[in-house]
Amino acid sequence: MSDLSNLPDGLDALEVRLRQDLAWLELPAKSWVPPRVIDGQPVVDVVIIGAGMAGLVASGMLKRLGVANHLVLDKAPAGQEGPWVTFARMRTLRSPKQLTGPAMGLPALTFRAYYEARYGREAWIGLDRAPREIWMEYLVWYRKVLELPVRNGVTVDAILPREDGMLDVVCSQDAPVETMVARHVVLATGRDGLGGPFVPAIAAAIDRKFWAHTADDIDFAGLRGKRIGVVGAGASAMDNAATALEAGAARLDMFVRRRELPRINKFTGIGSQGVVHGFAGLPDEWKWRFLNYAMGQRTPPPRPSVLRVSSFPQAHLHLESPISGLEQEGDHVVITTPKGRHLVDFLIFGTGFKIDLSNRPELAAFDPHIRLWRDRFPVPAGMPNAELEGSPDLGEAFELLEKEPGSCPTLAKIHCFNFPATLSHGKLTGDIPAISEGADRLARGIVRSLFVADRETHFENLQAFDTPELLGDEWADDDTKEPSELSSERT
């Protein structure tokens, strides 16, 4: 984890203010979930898989609502969770700096408050967008000040249903295997949370040493002096192209299927609290219509990312150039497009991600039971969309639903708080703007489920509660007095 011990005094003052705000709001709420023990092992009420932004704010919301008995697991070392300092290669976030993101409605928990505390208000005024490394430092601080229960270096190997309706979470950390018993599991696993990177089938024509996906760990220093090809023109494609050029690539060719780069970010243009809170209430055909249209228009790469690439004279853009062939010739690759042939030494696929449950071994026990949209929703005429068809069909608290009702009731204890939830709930799980609203919806749904499941215990507690507020000596009953006493009172 990043060292926070040498940060400016302004951050200390901010933390004092945050503690005061939490105290005035009586947060976090007192712990209220009755503890459970099975075979001598304490049961964890909620296990969150992933300690990136979504996992942290989910943890913060659960703690806020009094679900103290939860854990956040992440396979990455502390301070390297999520994409920000690993495979994200942009200079700054694309989101406007003022978005409150995971702050959960607390001004002292915002990125702005953190940045001003560290660098001052003038620096904030002069800031365009958040540098990704500082955003990661903010998330490290967020975790620290909220005292979130994160365990790093833990890989979740399997989630298994139990006969008692709970879940076994099989984990490994430095070889030893541990099985936790959990009542709920939250998949806060990011953009590829129900699948993995998408690479077109044509990549199989060349040796793996000749290509990488933008989500891979790429040795950019090793690309110095080489000819690099990039497939795609989204944000990650541009950022990887720029990183290769800055590392000294001799030539870079970017291959794009479209006639021109997309220019308008459609969903940003209609962003509002109406979209945040109303999308989940749309009829299914309208959810499909919104997302199919927005996906068809594509999201443009940020202007600074494009300028970062186009500033290099050795960078070349090829529009209307889908790749129709890949061949190995000695120590290079020949790329064929409708416009010609190009020689590259290494190829980077900026082709996004796919939903593919076969890529998630931890969900293998549930895979046959998970209901996808294509399992119950007829695709509207003229609007086929493989990504939407493969999206999970989710309940009100982001819970997975059964393909066949009654076949796997435990499935409802697994919550999909990652990008593939978009078709069911809107953009609440993968982007900064509405992540707090998404976490609030998730946490309230889990709280409801936990309370209902423990209703007998809560009713017993209601019956057993016997702390009096009145002691019986506050006011006497007139009807217990003698008539002579009442007569004297009237006199």
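This is a short talk on the fold of one protein, going from the whole chain to its sheets and then to a few single residues.

Good morning, everyone. Please keep in mind from the start that what you see above is a predicted model, and that every value I mention has been computed from that model.

Let me begin with the protein as a whole, which has 15 helices and 19 strands. If we draw a box around its C-alpha atoms along the principal axes, that box comes to roughly 115 × 60 × 50 Å. Of the 491 residues in the protein, 47% are buried, while the surface that the protein exposes adds up to about 24,600 Å², with carbon and sulfur atoms supplying 53% of it. When we take the contacts between residues at least 6 apart in sequence, 71% of them join residues that are at least 24 apart.

Now let us turn to the sheets, and here a general reminder may help, namely that the strands of a sheet pair through backbone hydrogen bonds, either parallel or antiparallel. In what order do the 5 strands of the open sheet with parallel pairing lie? Reading across that sheet, the order is β10-β17-β11-β12-β13. Its edge strands are β10, at residues 211–213, and β13, at residues 315–318, each of which pairs on one side only. On average, and with direction ignored, neighbouring strands of this sheet are turned by 20° against each other.

If we walk along this sheet from the β10 edge, we meet 3 bridges that join β10 to β17, residues 346–349, with the two strands running parallel. You can look for this pairing in the structure by finding H213, which stands opposite F349 in β17. Further along, β11 and β12 also pair in the parallel sense, this time over 5 bridges, and there R227 has R251 in β12 as its bridge partner.

Why can we call β12 largely enclosed by the rest of the structure? The reason is that 4 of its 5 residues are buried, and buried here means under 20% relative accessible area. A helix also belongs in this picture, since α6, residues 235–246, lies across β11, β12, β13 and β17, and runs at about 170° to β12.

There is another open sheet to look at, made of 3 strands in the order β14-β15-β16, and here the pairing is antiparallel. The edge strands, each pairing on one side only, are β14 at residues 325–329 and β16 at residues 340–344. In this sheet, neighbouring strands are turned by 25° against each other on average, again with direction ignored. Between β14 and β15, the latter covering residues 332–337, the antiparallel pairing extends over 5 bridges, and one residue to find there is Q328, whose bridge partner in β15 is V333.

Let me move from sheets to loops, where several single residues deserve a careful look. In the loop between α1, residues 9–24, and β1, residues 37–38, we find P28, which is joined to L27 by a cis peptide bond with an omega of about -5°.

Two further residues have a positive phi without being glycines. D39 has a phi of about 50° and sits in the loop between β1 and β2, the latter at residues 41–42. E147 has a phi near 50° and lies in the loop between α5, residues 132–146, and β5, residues 150–152. Are these two residues buried or exposed? D39 counts as exposed because its relative accessibility is 81%, and E147 is exposed with a relative accessible area of 62%.

A loop residue can also be buried, as S391 shows with a relative accessible area of 4%. S391 is placed in the loop between α11, residues 386–389, and β19, residues 414–416. Leaving aside residues up to four places away in sequence, S391 touches I355, L372, W373, P420 and L423.

Finally, let us look at the surface, where I270, W286 and F290 form a nonpolar patch, with about 260 Å² of accessible area together. I270 lies in the loop between α7, residues 266–269, and α8, residues 273–278. With a relative accessibility of 40%, I270 counts as partly exposed, because that class covers the values between 20% and 50%.

Thank you for listening, and I am happy to go back to any of these places in the structure with you.

Conventions:
Residues are numbered from 1 along each chain as its sequence is written. This is a predicted model: local features need pLDDT of at least 70, side-chain atom pairs count only at pLDDT 80 or more; totals for chains, interfaces and linings use all residues. Side-chain values use heavy atoms; hydrogens and water are left out. Patches are made of residues with over 30% relative accessible area and no salt bridge: like charges are joined within 9 Å, nonpolar side chains (Val, Leu, Ile, Met, Phe, Trp, Tyr) within 5 Å. Accessible areas come from the Shrake-Rupley method with a 1.4 Å probe; for residues, only the protein chains shown count as cover. A salt bridge is a side-chain nitrogen of Lys or Arg within 4 Å of a carboxyl oxygen of Asp or Glu. Buried means under 20% relative accessible area, exposed over 50%, partly exposed in between (1.4 Å probe, protein chains only). Two strands pair if DSSP finds at least two bridges between them. Axes are lines fitted to C-alpha atoms, for helices over the stretch in contact, and angles run from 0 to 180 degrees between N-to-C directions. Contact means heavy atoms within 4.5 Å.
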